[in-house]
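Please describe how the parts of this structure are arranged and where they touch. A short report with one table will do.

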Amino acid sequence: MKARFDNVYVLDVMSDDHPGIVAAVTTAVESLGGNIDACSQTVLGGYFTLIMIVSTPEPVDPAVLAEQVRQAGASNSPFQVMARHANATPRATPTDPCDRFVITAFGKDQPGIVRRFSQYLAGRDINIVDLYGDRSGDEFVLIGQLEVPTRWDIGMLQTDLEQMGEELGFTVKLQHENVFVATNQLRLSYSH
Amino acid sequence: MLRTDEILSTIEMLHAEHLDVRAVTLALNVEDCAAPSVDHVCRKLRNKIVSRARRLVETCNRVGAKYGIPVVNKRLAISPASTILAGHGHAAAVQVARTLDAAAAECGVDFVGGFTALVHKGISSADAVVMDSLPEVLSQTKQVCASVNVASRKAGINMDAIHRMGHVLLKIAEATADQQGFGCAKLVIFANIPEDNPFMAGAYMGAGEPEATINIGVSGPGVVCSALKRRLAREKNLTLGDLAEEIKITSFRVTRVGELIGREVAAELGVAFGIVDLSLAPTPMVGDSVGEILKTLGIARIGAPGSTAAVAMLNDAVKKGGLFASSSVGGLSGAFIPVSEDAALADAVGQGHLVLEKLEAMTSVCSVGLDMIAIPGDTPAETIAAIIADEMAIGVINDKTTAVRLIPVPGAKAGDRVDFGGLFGATPVMEIRNAGASDAFVHFGGRIPAPLQSLGN
């Protein structure tokens with residue numbers, strides 16, 4: 001992503017989910033002359049959240065940008081908005097070479113599941129690039145897409161995670177992402 | 001970025017439905033092991049196999065673990081033994097087979113295929129040595145598998161070879177009488193033998209293949225059966241077209257997994273990747289059965305009218321899904337119906353629902369033939385030959401691979417139950433109707449000429 005204008009902001013909006021949120025937010029951004037350079041939204045449990053990279057030709061106070069968007073919300077469903085200057089490089093690129101893996105965990109729901117697994121991963125410099133969790137009945141499913149430094153022995157990580165899963169009554173698997181790519185996508189993104 | 005539903009559906013297939021890679025077979029050209037002295041042949045053979053295959057098992061296990069998919073069987077296939085036995089005799093053949101057996105054990109693989117003779121147009125001296133040594137070879141080795149190609153679209157059907165194999169089968173059965181004739185389970189008699197088949201007992205390294213290659217056999221029928229059951233539980237008013245589509249999608253995904261693993265194993269071993277074989281190969285495990293798929297498709301008794309059509313639909317859908325998934329499809333690539341290795345088929349034989357003639361009809365629309373069928377030990381060699389000839393005719397006329405793996409069980413009669421153990425399973429001995437009524441036909445000998453289909457140029 002390369003921003004259209006030099007003044008770049010990250011904008012975060014949360015609201016009850018209903019039709020018209022994106023239209024309202026983008027109208028407010030456009031009223032400041034802003035351009036949307038990237039955006040992603042998700043809806044979870046009836047709540048809407050949106051993250052955008054916005055750039056403007058002239059500098060704008062992030063507080064003004066946030067207020068402009070806040071004003072666009074309906075009174076019975078207000079927007080919670082945050083805006084700040086975006087850095088040129090949003091996060092440090094991992095210095096170690098990494099490989100993409102997927103962790104999946106299934107089991108009886110209890111507090112602390114996500115914490116236990118994420119603490120283990122954080123302790124090994126494993127970056128979570130996408131996370132999904134859902135409670136259905138008493139069952140909880142956790143899926144994480146991970147960047148695993150290649151210095152780790154995958155067999156050891158698998159054994160650790162499976163052991164942790166066993167202690168929590170969870171079935172845990174750590175698998176290279178290419179098996180999911182191979183079984184789902186028509187055009188293979190990895191090379192043979 | 002992968003979507004959550006994609007990850008969840010793959011996880012369901014991998015873990016709930018026990019997706020695996022059924023066979024990784026390293027095929028090796030061993031023609032350069034030929035030498036004037038048999039000791040020299042065996043030394044070269046052992047050194048070549050061990051140096052090329054010693055890392056196969058460990059590599060398959062490591063790559064399988066990385067993707068969370070077990071590789072069930074690791075195997076070797078070599079150039080036809082007849083190519084290194086030219087100029088040698090019976091004793092040399094047995095010594096070579098023992099060397100292969102020991103080399104396979106040293107590498108930790110479960111079978112080595114390629115004790116093979118290609119005799120569809122005629123029998124050379126070396127082919128005769130291979131064929132006639134089979135009773136000793138298959139009774140004195142554990143891991144050596146043999147195959148004999150007796151017919152092809154281009155050459156027709158070599159009835160002399162078939163007649164000879166009828167007698168050889170009975171001798172193998174006698175030589176392994178203490179194991180209920182089990183030696184015959186390690187021998188496949190083919191029409192149009194594929195040069196890149198990863199499945200045993202018929203795997204061998206064909207003449208047009210590279211120095212070494214990895215061929216893959218994909219997961220078994222359990223995954224397809226589970227996918228069908230899940231779809232049927234979720235939706236009403238499904239047609240056979242919908243079910244064929246479900247099989248096709250499952251086959252696509254299963255094939256992709258096979259190729260992913262195969263290419264990585266090949267790259268790690270520094271050998272060429274060959275093919276993915278789409279065949280659904282059942283095991284005696286409950287649920288891992290082609291027969292169970294037929295039941296799921298609504299055939300209450302396997303062998304009932306409709307069985308052939310159901311197998312045809314299954315076979316075709318598997319091919320369509322697999323062919324789109326990979327540009328390297330080969331081997332047998334169909335649905336296997338090996339009776340003793342498929343609990344539902346063996347049960348249908350026991351119940352009297354499935355007879356030899358219906359099995360033969362089903363093999364005309366699927367892979368691979370009359371497979372793992374126990375027959376009475378007193379079946380005449382000519383009748384066995386005639387059964388083989390019928391199956392070969394299906395292959396030659398329909399331009400497909402067909403094969404026969406019959407086990408005459410010494411001392412057993414129709415209805416007796418035999419258990420070969422492990423992946424070979426158990427089955428009732430099948431009734432052979434009209435035994436002894438084909439002798440004159442078989443005794444004519446010679447070669448049934450190549451059919452019209454051979455003149456395709």
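The report below covers a sheet in chain A, the contact between the chains, and the domains of chain B.

**Sheet and helices of chain A**

The model is predicted. Chain A holds an open sheet of four strands, in the order β2-β3-β1-β4, and the pairing is antiparallel. At the edges stand β2 (35-44) and β4 (80-85) of chain A, each of which pairs on one side only. Neighbouring strands of this sheet are turned by 15° against each other on average, direction ignored.

Take one pair in detail. β2(A) and β3 (residues 47-56) of chain A run antiparallel and are joined by nine bridges. Within this part, Asn35(A) stands opposite Ser55(A), a residue of β3(A).

Two helices lie across strands of the sheet. Helix α1 (residues 21-31) of chain A crosses β1 (7-16), β2 and β3 of chain A. Its angle to β3(A) is about 20°. Helix α2 (residues 62-71) of chain A lies across β1 and β4 of chain A. Relative to β4(A), helix α2 of chain A runs at about 155°.

**Contact between the chains**

Between the chains, 21 residues of chain A are in contact with 17 residues of chain B. On the chain A side, six elements each supply at least two residues: β5 (98-108), β6 (127-136), β7 (139-149), α4 (154-168), β8 (170-176) and α5 (178-184) of chain A. The top contributor is α5(A), which gives the most, with seven residues.

**Domains of chain B**

Chain B is divided into two parts: domain 1 (22-191) and domain 2 (219-253 + 280-443). Their C-alpha centres lie 24 Å apart. Across the boundary, 28 residues of domain 1 of chain B are in contact with 30 residues of domain 2 of chain B.

On the domain 1 side, the elements that give two or more residues are β4 (144-152), β5 (156-158), α7 (159-175) and β6 (187-191) of chain B. Here α7(B) gives the most, with ten residues.

**Make-up of the two contact sides**

The table lists the residue classes on each side.

| Contact side | Nonpolar | Polar | Charged |
|---|---|---|---|
| Chain A, touching chain B | eight residues | ten residues | three residues |
| Domain 1 of chain B, touching domain 2 of chain B | 18 residues | seven residues | three residues |

In short, α5(A) gives the most to the side of chain A that touches chain B, and α7(B) gives the most to the side of domain 1 of chain B that touches domain 2 of chain B.

Terms used. Residues numbered from 1 in each chain as written. Chains lettered and ligands numbered in written order. Predicted model: local features only at pLDDT ≥ 70, side-chain atom pairs only at ≥ 80, totals over all residues. Domains from an automatic or database assignment. Contact = placed C-beta atoms within 7 Å. Nonpolar A, V, L, I, M, F, W, Y, C, P; charged D, E, K, R; others polar. Pairing = 2+ DSSP bridges. Axes fitted to C-alpha atoms, helices over the stretch in contact; angles between N-to-C directions.
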